[in-house]
Amino acid sequence: MMMGTEKNTNNSDGQNTFRIWDYLGLKKLDVYIIKKFLSTFFFAIMILAVISCVIDYSEKVDNILAKKVPFVVVMNYYKNFVPHITALLFPLFIFIATIFFTSKIAYKSEIIAILSSGVSFQRFLRPYIIGSGFLCIISLVANHWWIPIANKQRIGFEDKYINENNFKYYSDNMHLGISKGDYVYLQNFSNSNNTGNHFTEEKIDGIMLKEKLMADHVAYDTLKKIWHLYNVVVRTNDIDKESVHRIPQLDKKYPFIPADLNRTDAIKEALTTPELNKYVEVEKLHGRENLNTYYVEKERRSAQPFASLILTIIGACIASRKIRGGSGFHLALGIVISAVYEMFLQTSSTLSTKASLSPVLSAWIPNVVFAVVAYLLYRRQVK
């Protein structure tokens, strides 16, 4: 009786398990392939993370030891470094993982057995789409929110402990819009002591210059958050007459700080998408000429996850055939296709930032091209 009761319990548990899969619309084939797919992907990502951390630490260890960075701080840095490096190669590792485990089951003739049992190739691809779709959603959320938050802490650590040249001397002419019709100009500015030369502020109404303020020398007061202007000349224009005032020293509060004079591209990685949208609006007001770098980053965050779906289909179509050379040939082919995709992506991004190509086209053209490749490979497999 006891044995019979235990057997019934086991059967009941088994039935409940299958009911859960049935409720999700998944069959044994789906569960088998999804488990293989996800386990291979996460194993590949784990290996990538470990290798990347070791290489990165070997490059930074001198600075870390010289500045006696606490162990907890270092570990927190690598906690934020792993999402950064993972996000960079997320679609490519999905692609390589797909090729690796698919070629393995193809070499064991498992795919031949599946298709010979009456399962269509379209049905065979369904668990691949489910698995990559799950990863696509994770990547989409991570790219827009989680990764930028991690990057903010990662970049902060590098600026504080790693980068020797936190202070640079900028000799380039700098223009900045601080409000509608109000623009400032600096011939040069030193970030080491927050001082600059040949400062100009112009207030323009339509096409008319209403006021022009010129200072030989400026300095930013980090405590009072104000600008000290020296040897100031103020010219005002009231249509009928023009007046000139000379002031030895003038203190003014402007809606910008020294960091606004030379924003680096790294800042785009440390802003969530809502923050990036606000930042772009401010940069427009400041008169930044080329904002395509930020637009490309914004579109890339959405385009990259969908590349995972496309590359998964390509990988499954390529690796599902049992050929001479097996997994080695499939992996080599996968690496080549990954390199081509990455080259395509970098080329389109450069064309957007340097040649005014639409950021939307820049981010999505590689996906469109490889989607066509995926469709052609799929049609070939179906035939």
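**Exercise 1: The cores**

Find which residues have the most contacts inside the largest nonpolar core, and how many residues that core has.

*Solution.* Start with the count: the largest nonpolar core has 28 residues. Inside this core, F41, F124, Y128 and L135 are the ones with the most contacts. Keep in mind that you're looking at a predicted model.

Next, see where the core comes from. Two or more residues each are given by α2 (28-66), α4 (90-107), α5 (110-116), α6 (121-162) and α8 (292-319). With ten residues, α2 gives the most.

Now zoom in on L135. Leaving out residues up to four places away in sequence, L135 touches F37, L38, F41, F42, F90 and I94.

Finally, don't stop at one core. There's a second, separate core of 18 residues, and M174, L176, F189 and F256 are included in it.

**Exercise 2: The length of α10**

Work out what span you'd expect for the 24 residues of helix α10, and check it against the distance between its end C-alpha atoms.

*Solution.* Step one: α10 covers residues 359-382, which is 24 residues. Step two: you multiply 1.5 Å by one less than the number of residues, so the expected span is 34 Å. Step three: the end C-alpha atoms are 35 Å apart, and that agrees with the expectation.

Then look along the helix for a bend. You'll find a kink of about 40° at I365, shortly before the proline P366.

Last, check which parts of α10 are covered. P366 is buried, and so are P359, S362, A363, N367, F370, A374, Y378 and Q381.

**Exercise 3: Three strands in a row**

Follow the pairing from β2 to β3 and on to β4: how many bridges join β2 to β3, and over how many do β3 and β4 pair?

*Solution.* Take β2 (residues 174-179) and β3 (residues 182-190) to begin with: they run antiparallel, and five bridges join them. One pair to look up is L176, whose bridge partner in β3 is V184. The hairpin of β2 and β3 has two residues between the strands, and G181 takes a positive phi near 80° there.

Move on to β4 (residues 195-205). β3 pairs with β4 over eight bridges, again in the antiparallel sense. Here you can look up Y185, whose bridge partner in β4 is T200. The hairpin of β3 and β4 has four residues between the strands.

**Exercise 4: Two positive phi values**

Decide whether N194 is buried or exposed, then do the job for H198: what is its relative accessible area?

*Solution.* First, place N194: it sits in the loop between β3 and β4. Its phi is positive, about 55°, although N194 is not a glycine. Now apply the cut-off: buried means under 20% relative accessible area. N194 has 16% relative accessibility, so it counts as buried.

Next comes H198, which is found in strand β4. H198 is another residue other than glycine with a positive phi, near 55°. Its relative accessible area is 41%, so H198 is partly exposed.

**Exercise 5: The whole chain**

Step back and ask how many helices and strands the chain has, and what share of its residues count as buried.

*Solution.* Count the elements: there are ten helices and seven strands. Then turn to burial: of the 383 residues, 42% count as buried. For the surface, the chain exposes about 21,900 Å², with carbon and sulfur atoms supplying 62% of that area. To finish, take the contacts between residues at least 6 apart in sequence: 62% of them join residues at least 24 apart.

How values were computed
Residues are numbered from 1 along each chain as its sequence is written. This is a predicted model: local features need pLDDT of at least 70, side-chain atom pairs count only at pLDDT 80 or more; totals for chains, interfaces and linings use all residues. Side-chain values use heavy atoms; hydrogens and water are left out. The bend at a residue is the angle between axes fitted to the seven residues ending there and the seven starting there. Buried means under 20% relative accessible area, exposed over 50%, partly exposed in between (1.4 Å probe, protein chains only). A nonpolar core is a set of buried Ala, Val, Leu, Ile, Met, Phe, Trp, Tyr and Cys residues joined through side-chain atoms within 4.5 Å. Contact means heavy atoms within 4.5 Å. Two strands pair if DSSP finds at least two bridges between them. Accessible areas come from the Shrake-Rupley method with a 1.4 Å probe; for residues, only the protein chains shown count as cover.
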